Amino acid sequence: MTLSPEELTAMLLSLKVAATAVAFSVPVGVAVACLLSRGEFFGKALLNGIVYLPLILPPVVTGYLLLLTFGRKGTIGAFLDQWFGLVFSFRWTGAALAAGVMGFPLLVRSIRLSLDNVDRRLEAAASTLGASRPWVFVTVTLPLIVPGIVAGAVLAFAKAMGEFGATITFVSNIPGETQTLASAIYTYTQVPGGEFAAMRLTLVSIVISLGAVIASELLARRLAARTGAQ
């Protein structure tokens, strides 16, 4: 199975978009998961709803909201373009943003479940020994939730690899710039004789996503075993 240059470009761009989305989502996801798991504040229910909203809304709606917010004339996009020269709409960076938003709920949920299962007595013991709260989090809590972070990151990566609706609405389907695997498959299904190319890319998507899930499962088990041994 040999990929054409256009198909190879779409595959590499998808990997680039998904990896970028996950890399920027993980630190924010950990912070938000901590707020939802441990925090008690006014508006917590609203924040929880906003985090999981992309799972409920049609992806096209999410993409349209991103366009209104981060487009060149959007409330945030215009500011970023004018002051920093940072443009998301119709760029691969916008595809990464859309993919990150769509995978963010899966990432946060996985990390939050790990935080909820942490034995608070371990954190309390570290505190009684004089450790500050940030140091307790870094030395006790964080190692215990690493398997959850890994699992959530892989779920977000798989979601980013298959994202279509929000991406094509926000950044369109530009070959070499925003055309990911999902949008390339859609394009090939719309042209005569494109069925074989669509099938090739479909198999590539399955292999990459399945490989990522299996690798994350093995890594999460190893990390959990190492944490338990300690």
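In the protein chain, 71% of the contacts (heavy atoms within 4.5 Å) between residues at least 6 apart in sequence join residues at least 24 apart. The model behind this is predicted, with local features needing pLDDT of at least 70, side-chain atom pairs counting only at pLDDT 80 or more, and totals for chains, interfaces and linings using all residues. Residues are numbered from 1 along each chain as its sequence is written, and side-chain values use heavy atoms, leaving out hydrogens and water.

As for the fold, there are 10 helices and 0 strands in the protein chain, where helices are DSSP runs of H or I with at least four residues, strands are E runs of at least two, and both are numbered from the N terminus. The C-alpha trace spans about 70 × 45 × 30 Å along its principal axes.

Of the 230 residues, 41% come out as buried, that is, under 20% relative accessible area with a 1.4 Å probe, protein chains only. On to the inside: the largest nonpolar core (buried Ala, Val, Leu, Ile, Met, Phe, Trp, Tyr and Cys joined through side-chain atoms within 4.5 Å) holds 50 residues, and Val26, Val51, Leu107, Val108, Ile111, Phe157 and Phe170 touch the most other members. Two or more residues each come from helix 1 (5-38), helix 2 (44-56), helix 3 (59-70), helix 5 (92-116), helix 7 (133-162), helix 8 (165-171), helix 9 (181-189) and helix 10 (195-229). Helix 1 is the top contributor, giving 12 residues.

Phe170 deserves its own mention: leaving aside residues up to four places away in sequence, its partners include Gly63, Leu66, Leu67, Phe70, Phe88, Phe90, Leu97 and Ala98.
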